[in-house]
Amino acid sequence: MIAREVLRPLAKGFQDTCDAWADYSPEQQRAIIEANTVTLGRFAARMIVEAAHSRGKLSRAQFVALESLLDLGDKIDGEIIRSAGAENAFGKVIDPFVDKLDFFMQELLRVLRGELDGATFLLRLGRDVASTYLRTLQTEHGGDGAAQWWGKLSTAVRSVSLRVGDAYPESKEARWAKHTATGMLLGSLAVSLYTYRKTTRHRA
């Protein structure tokens, strides 16, 4: 049930983009393919880096540096789309979906390595599932469904908190960053819920 609700926006976005495919120029079509390749490729690269670190193939400095580069690469797919004017329904849902899958894997692996507590992992996972479901409802009610600025800000702080924890495990700074990120993630969900309820009341 939950999996179907989470995946439904992806299927709808993909179908809508396929239906409109002929309306895009060849350059825009190429940009859409390139952007999605970058999105999925970054996730694959993240898993390779995580696996290498878990097997002791990377020093802590190398691990943090590579992870930080992958964090910075999060904006590349969006820049490709915007530069070609190729905004599309699938891109609006696949990017935040892969971002959440990326964080899920990062944080799960840190729990397994004893670097992140299970309570924080479950709290963030629940927030991500709720956020994705809320985006599904927004799309069904004619909303955009794309990530808003408060969600993007909390995502950026989440990335920073993970890098601080990677660089300085068990430190006071790592604990402060972890709690700040979790608080902002829950806050962004609350803002999204308020905005959704306000919008649907207005339309009704």
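Helix H5 gives the largest share of the lining of the largest cavity, 4 residues. Keep in mind that this is a predicted model, and let's take a walk through it, starting on the inside.

## Empty spaces inside

How many cavities of 30 Å³ or more does the structure hold? There are 2 of them. The largest has about 70 Å³ of space in it, and 10 residues line it, with Pro9, Val93, Phe97, Thr132 and Arg135 closest to its centre. Besides H5, helices H1 and H6 each put at least two residues into this lining. Sort the lining by class and you get 6 nonpolar, 2 polar and 2 charged residues.

The second largest cavity holds about 30 Å³ of space. Its lining is made of Phe103, Phe104, Glu107, Phe121, Arg124, Leu125, Asp128 and Arg158. Here H5 and H6 are the elements that give two or more residues, and H6 has the largest share, with 4 residues. By class, this lining splits into 4 nonpolar and 4 charged residues, with no polar ones.

Two names from that lining, Glu107 and Arg124, are worth remembering, as they come up again below.

## Pairs of opposite charge

Side chains of opposite charge can pair when their charged atoms come close. This structure holds 21 salt bridges, and here are three of them.

| Salt bridge | Closest N to O distance |
|---|---|
| Lys12 and Asp16 | 2.9 Å |
| Glu50 and Arg110 | 2.8 Å |
| Arg124 and Glu107 | 2.9 Å |

Let's begin with lysine 12 and aspartate 16. Both sit in helix H1 (residues 2-19), and because they are 4 residues apart there, about one helical turn separates them. Are they buried or exposed? Somewhere in between: lysine 12 has 41% relative accessibility, so it counts as partly exposed, and aspartate 16, at 31%, is partly exposed too.

Next comes the salt bridge between glutamate 50 and arginine 110. This pair links distant parts of the chain: glutamate 50 is in helix H2 (residues 26-54) and arginine 110 is in helix H5 (residues 89-112), 60 residues apart. Both glutamate 50 and arginine 110 are buried.

Then there's arginine 124 with glutamate 107. Arginine 124 lies in helix H6 (residues 118-140) and glutamate 107 in H5, so their salt bridge ties together parts that are 17 residues apart in sequence. Why does arginine 124 count as buried? Because its relative accessible area is 2%, which is under the 20% cut-off. Glutamate 107 is buried as well, at 1% relative accessibility. As promised, both of these residues also line the second largest cavity.

## A pocket open to the outside

Now for the second largest pocket, which has a volume of about 310 Å³. It is lined by 16 residues, and those nearest its centre are Glu115, Leu116, Gly165, Ala174 and Lys178. Which elements give two or more residues to this lining? They are helix H7 (149-167) and helix H8 (172-203), with H7 supplying the largest share, 4 residues. By class, the lining has 8 charged, 4 polar and 4 nonpolar residues.

## A nonpolar patch on the surface

Our last stop is a surface patch. Leu66, Leu69 and Leu72 form a nonpolar patch there, with about 310 Å² of accessible area together. Take leucine 72 as an example: its place is in helix H3 (residues 60-72). Its relative accessibility is 65%, so leucine 72 counts as exposed, the cut-off being over 50%.

Conventions
Residues numbered from 1 in each chain as written. Predicted model: local features only at pLDDT ≥ 70, side-chain atom pairs only at ≥ 80, totals over all residues. Heavy atoms only, no water. Patch = residues over 30% accessible without salt bridge, like charges linked within 9 Å, V, L, I, M, F, W, Y side chains within 5 Å. Areas by Shrake-Rupley, 256 points an atom, 1.4 Å probe, with all protein chains shown as cover. Salt bridge = Lys/Arg side-chain N within 4 Å of Asp/Glu carboxyl O. Buried < 20%, exposed > 50% of the residue type's maximum accessible area, 1.4 Å probe, protein only. 1 Å grid on protein atoms, 1.4 Å probe; cavity = no way out; pocket = protein on both sides within 12 Å on 5 of 7 lines; lining within 4 Å. Points joined across faces, edges and corners; volume = space filled by probe spheres on them. Nonpolar A, V, L, I, M, F, W, Y, C, P; charged D, E, K, R; others polar.
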